[in-house]
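Biologist: Please take a close look at one part of this model and describe with care how it packs against its surroundings. I would like the cut-offs behind each term as well.

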Amino acid sequence: MSALKSEYRLALEAGAQALDAALDGLDAAGAVRRVLAGIYPGESCVVSSFGAESAVILHLVAQAKPDTPVLFMDTGQLFDQTLAYRKALSERLGLTDVRTLSPNQDHLKADDPDGTLHQTNPDLCCHIRKTLPLISALRPYKVWISGRKRHHGGDRAALPRVEIQDGKLKLNPLFDWSRDQINAYFEAHDLPPHPMVADGFPSIGCLPCTTQVSDPAEDPRAGRWAGQDKTECGIHIGEDGVITRTGG
Ligand code: SF4
């Protein structure tokens, strides 16, 4: 790593520590409000898949600052129900700046002309359909907010409240929430569920890579890339330009 990149990394790490300290003692709602309306107004956004549990983080964001940019990746392989839910939930919560990100058409033509790359190289498919559009859309921001949680297990079991990803600070306000807390929040705020949850989909991504989970006690992400050695879409580009697999 060059001296410049090392300095950049050190500054990011210092920023992550400072943000974590600034959020000390705050609950999830307080942390979201402090970042969006206090420390980083105009420099923060939220990334959402409008999936099974997304309504909770989106409700917290809408309560704090409803004009927060919400970045939504339409991979071109999503369920129709997710696209309908994005529209209905955005309207219901009063979110006024939901932005749809799409894969670069040249990348699709070159690497996935017939839409079957997920069968042969799902990492590359996620990279061109999710990661590259996201990295590009995140450029203007210093902080992004995610709804990930430790209870999802796998790479997420040790999730911190503040982390560094793709050269940005990333806030995970729900990092320590249990499934029961999520369910209670849905109930307390009368939030509409994703329409596929009742059909046995506790985690919802792209159509070809999402299956039902029959046992409710199972890892909620068991239906994502089932049967494959892949649990996250995350291929990310480090400050040294190297592509790495991480929890993302
Ligand atoms: S989840 Fe599947 S279809 Fe969606 S981008 Fe990743 S590999 Fe492709």
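Modeller: Between two helix axes, an angle under 35 degrees counts as roughly parallel, over 145 as roughly antiparallel, 65 to 115 as roughly perpendicular, and the rest as oblique. This is a predicted model, in which local features need pLDDT of at least 70 and side-chain atom pairs count only at pLDDT 80 or more, while totals for chains, interfaces and linings use all residues. Residues are numbered from 1 along each chain as its sequence is written, and side-chain values use heavy atoms, with hydrogens and water left out.

The part I have chosen is α3, residues 54-64 (helices are DSSP runs of H or I with at least four residues, strands runs of E with at least two, numbered from the N terminus). Helix α2, residues 28-39, packs on α3 at about 50 degrees, with the axes 9 Å apart (axes are lines fitted to C-alpha atoms, for helices over the stretch in contact, and angles run from 0 to 180 degrees between N-to-C directions). The two helices are therefore oblique to each other, and α2 passes α3 in a right-handed crossing (the near helix is turned clockwise from the far one by less than a right angle; anticlockwise would be left-handed). A28, A29, V32, R33 and L36 of α2 make the contact with I57, L60, V61 and A64 of α3 (heavy atoms within 4.5 Å). These residues divide into eight nonpolar, no polar and one charged (Ala, Val, Leu, Ile, Met, Phe, Trp, Tyr, Cys and Pro count as nonpolar, Asp, Glu, Lys and Arg as charged, and the others, Gly among them, as polar).

Against helix α8, residues 179-188, the angle of α3 is about 60 degrees and the axes are 9 Å apart, which makes α3 oblique to α8. The crossing of α3 and α8 is left-handed, and the contact joins A55, V56, H59 and L60 of α3 with I182, Y185 and F186 of α8. Six of the residues in this contact are nonpolar, one is polar and none is charged.

Helix α4, residues 80-93, has an axis that comes within 10 Å of that of α3, the two crossing at roughly 35 degrees. Here α3 passes α4 in a right-handed crossing, and A55, L58, H59 and A62 in α3 meet Y85, L89 and L93 in α4. The residues of that contact comprise six nonpolar, one polar and no charged.

As for confidence, the chain has a mean pLDDT of 89, with 85% of its residues at 70 or more (pLDDT is the predictor's confidence in each residue, from 0 to 100). Over residues 237-248, however, the pLDDT is below 50, although this stretch has 40 contacts in the model beyond near neighbours in sequence. Where pLDDT is low, the predicted coordinates should not be read in detail.
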